[in-house]
Amino acid sequence: MPEGPSVRKFHHLVSPFVGQQVVKTGGSSKKLNPASLQFLWLQDNQVHGKKLFLRFDPDEELGSLGNKSLPELLQEGEREEEAEDQKQALGPSSWEISNQLCPSMERVVPSGDNGLECLQRGTPAGAAERWLQVSFGLFGSIWVNEFSRAKKANKKGDWRDPIPRLVLYFGGGGFLAFYNCQMAWSPSPVVTPTSDILSEKFHRGQALEVLSQEQPVCYTLLDQRYFSGLGNIIKNEALYRAGIHPLSLGSLLSPPRLEALVDHVVEFSADWLRGKFQGRQQHTQVYQKEQCPAGHQVMKEAFGPPGGFQRLTWWCPQCQPRLPANEQGQSQPSSGSQAPTSPHSALQGL
Ligand SMILES: [Zn+2]
């Protein structure tokens, strides 16, 4: 699942195409109508958290197209496909689909940030709405000058290559292929670098304040309003490195421990990003592990706010002990009592 560092890498891959014109399009997206991007110029490329924003401008010299606003170029199918995306992203059927496609991958419900938010209702795009907002959900990716190939046969034994939602061929001769991305036109990027964990402007004070709420820290960390770009891998790894139990209430953790947690979030994310550019696989210590580096058995359970999305969480009970009962208070949910109230409790143990 693409987290902040992966989306930064996608941003880097797209950058050489800025300033080039789209000369040919392809892809299966009905919502976007790939042909609507024909002859547009890619003028800017920004990354914010887990989202990529691409600015397209018409060629003003091409009178007819230049005067045409993007909504005229968009097609009717938009709303239907969006509704379908939403259903797939959120409905129970998505689990079946995900499980079939990626049996070895973590089966989790997408968190609200990259689920609903990126699938805003399709308001007609005005002339100013020239930013294509790209969200990567659980399996999205961008390929440059090559197409993704099937890694294995499907159940029928066919080797079918994945179908890109959008392909953009540029005047310079290269092309970009977008897979499993949710794309929508928007007026301008929502820029909040102070909450972007990979931004130099990331605001530690704000992060510490929100972490110190009376709420399990593993819920708070995934809140994209304050930790934009932070996903499930970073959550698990930062909590392990900080020696903090995922269900610890932030309000009961000392300021130095919360600071250590924020340090590990930033360090792990930055290291992951560096690794992306060096072709190095990011090493995890508890995420999808059976044992922690100290050789202890790692626990795995789905945690999330009551009624909210539950995310698979790995932790080491010895390296990340629960706070002693007398510090813990009565309100801290235990994994045992919390889980059955969740609508997604059926996901646990998957
Ligand atoms: Zn351990």
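## Helix and sheet

Contact here means that heavy atoms lie within 4.5 Å of each other. With that in mind, we can begin our tour of this predicted model at helix 1, residues 4-14, which lies across strand 2 and strand 3. Relative to strand 2, helix 1 runs at about 160°.

Strands 2 and 3 belong to an open sheet of four strands, ordered 2-3-4-8 and paired antiparallel. At the edges sit strand 2 (41-48) and strand 8 (182-186), each of which pairs on one side only. From one strand to the next, the twist averages 25°.

Let us look inside the sheet as well. Strand 3 (residues 51-57) and strand 4 (residues 131-135) run antiparallel and are joined by five bridges. If you want a spot to find by eye, try Phe53, which stands opposite Gln133 in strand 4.

## The zinc site

Next comes the metal. Four residues coordinate the zinc ion: Cys292, Cys316 and Cys319 each through SG, and His296 through ND1, at 2.2 to 2.3 Å. Along the chain, these donors follow the spacing C-x3-H-x19-C-x2-C.

What arrangement do the four donor atoms make around the zinc ion? The arrangement is tetrahedral, because the angles they subtend are 100 to 121°, and four donors count as tetrahedral when all angles lie between 85 and 135 degrees. For comparison, the ideal angle for four tetrahedral donors is 109.5 degrees.

Is Cys292 buried or exposed? Cys292 is buried, since its relative accessible area is 3% and the cut-off for buried is under 20%. His296, at 21% relative accessibility, counts as partly exposed.

## Two nonpolar cores

In soluble globular proteins, nonpolar side chains tend to be buried together. In this model, the largest nonpolar core has 40 residues. Those with the most contacts inside this core are Ile197, Leu211, Val217, Leu221, Phe227, Leu230 and Leu261. Several elements give two or more residues to the core: helix 6 (204-211), helix 7 (217-220), helix 8 (232-242), helix 9 (255-278), strand 9 (299-303) and strand 10 (311-315). Helix 9 supplies the largest share, seven residues.

Ile197 is a good place to zoom in. Leaving aside residues up to four places away in sequence, Ile197 touches Phe202, Phe227, Ser228, Gly229, Leu230, Ile234, Val265, Val266 and Ser269. There is also a second, separate core of 25 residues, which includes Phe170, Phe178, Met183 and Trp185.

Notes: Residues numbered from 1 in each chain as written. Predicted model: local features only at pLDDT ≥ 70, side-chain atom pairs only at ≥ 80, totals over all residues. Heavy atoms only, no water. Donors = N, O, S within 2.8 Å, 3.2 Å for Na, K, Ca; no water. Tetrahedral: all angles 85-135°; square planar, octahedral: opposite > 155°, others 65-115°. Buried < 20%, exposed > 50% of the residue type's maximum accessible area, 1.4 Å probe, protein only. Pairing = 2+ DSSP bridges. Axes fitted to C-alpha atoms, helices over the stretch in contact; angles between N-to-C directions. Core = buried A, V, L, I, M, F, W, Y, C linked by side-chain atoms within 4.5 Å.
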